[in-house]
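Take a look at the fold shown here. The text below walks through it step by step, from the overall layout to single side chains.

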Amino acid sequence: MSVTCVAPPSALQRPLVGVLRRGAGLASGLFEEIDVDNFAGGGGVGMGFELATGKAFDIAINHDEAAIAMHRANHPHTRHLCESVW
């Protein structure tokens, strides 16, 4: 099964750095953790995460274009990737 997703231009402007990004944070002081929602749907988990931690997911991933579209509508500041998590 093949899934084709078209990323909006804004998603292409920010490079994906992996699970760590430059900044302050961890003991070394060189990297900071990022938060990833690997099975992003409508955004309910993201809302709970925001209420619990005070911050939003940095990246949301799902193979379903409709699920990513719904998550993007509910969480416009998260970077969205339409990809398989496997």
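What follows starts with the chain as a whole and then moves into the sheet, the helices and a few side chains.

This is a predicted model. The protein chain has 3 helices and 5 strands. Read from the N terminus, the elements run α-β-β-β-α-β-α-β. Of the 86 residues in the protein chain, 26% are buried. Now consider contacts between residues at least 6 apart in sequence: 35% of them join residues at least 24 apart.

Start with the sheet. Three strands form an open sheet in the order β3-β4-β5, and the pairing is parallel. β3 and β5 stand at the edges, and each has a single partner strand, so one side of each is left without a neighbour in the sheet. Helix α3 packs on this sheet and touches β3, β4 and β5. The direction of α3 makes about 175° with that of β5.

Next, look at how the strands are joined. Strand β3 covers residues 36-37, and 2 bridges join it to β4. V36 has I59 in β4 as its bridge partner. On the other pairing, 4 bridges join β4 to strand β5, which covers residues 79-82. I59 appears here again: its bridge partner in β5 is R79. Further along, I61 has L81 as its bridge partner in β5. A60 stands opposite H80 in β5.

The connections between these strands pass through helices. β3, helix α2 (residues 44-53) and β4 make a right-handed β-α-β unit. β4, helix α3 (residues 65-74) and β5 make a right-handed β-α-β unit as well. β4 therefore takes part in both units.

Which way do the side chains point? In a regular strand they alternate between the two faces of the sheet. Strand β4 spans residues 59-62, and both of its faces are covered. I59 and I61 lie on one side, A60 and N62 on the other, and all four are buried. β5 can be read in a similar manner. R79 and L81 point one way from β5, while H80 and C82 point the other way. All of these β5 residues are buried.

H80 deserves a closer look. Where is H80 placed? H80 sits in strand β5. H80 has a relative accessible area of 5%, under the 20% cut-off, so it counts as buried. What does its side chain reach? The side chain of H80 reaches the backbone oxygen of T78 at 2.8 Å. A polar atom of the same H80 side chain lies 3.4 Å from the backbone nitrogen of R72.

A second histidine belongs in this picture. H75 is placed in the loop between α3 and β5. At 6% relative accessibility, H75 counts as buried too. Leaving aside residues up to four places away in sequence, H75 touches G43, G46, M47, E50 and H80. H80 is thus one of the residues that H75 touches.

Now turn to the aromatic rings. How many aromatic pairs does the structure hold? The structure holds 2 aromatic pairs. One of them is formed by F39 and W86, and this pair is tilted. The ring centres of F39 and W86 are 6.0 Å apart, with 55° between the planes. F39 lies in the loop between β3 and α2, and W86 lies in the segment after β5, so the pair ties together parts that are 47 residues apart in sequence.

Are F39 and W86 buried or exposed? F39 has 57% relative accessibility and counts as exposed. W86, at 84% relative accessibility, counts as exposed. The other pair consists of F49 and F57. Their ring centres are 4.4 Å apart and their planes are at 10°, so the pair is stacked. Both F49 and F57 are buried.

Notes: Residues are numbered from 1 along each chain as its sequence is written. This is a predicted model: local features need pLDDT of at least 70, side-chain atom pairs count only at pLDDT 80 or more; totals for chains, interfaces and linings use all residues. Side-chain values use heavy atoms; hydrogens and water are left out. Buried means under 20% relative accessible area, exposed over 50%, partly exposed in between (1.4 Å probe, protein chains only). Helices (H or I, at least four residues) and strands (E, at least two) are DSSP runs, numbered from the N terminus. Two strands pair if DSSP finds at least two bridges between them. Rings of Phe, Tyr and Trp (its six-membered ring) pair if their centres lie within 6.5 Å; planes under 30 degrees apart count as stacked, over 60 as edge-to-face and the rest as tilted. A polar contact is a pair of N or O atoms within 3.5 Å; within protein, one must be able to donate a hydrogen and the other to accept it, and residues adjacent in sequence count only if both atoms are side-chain atoms. Contact means heavy atoms within 4.5 Å. Axes are lines fitted to C-alpha atoms, for helices over the stretch in contact, and angles run from 0 to 180 degrees between N-to-C directions.
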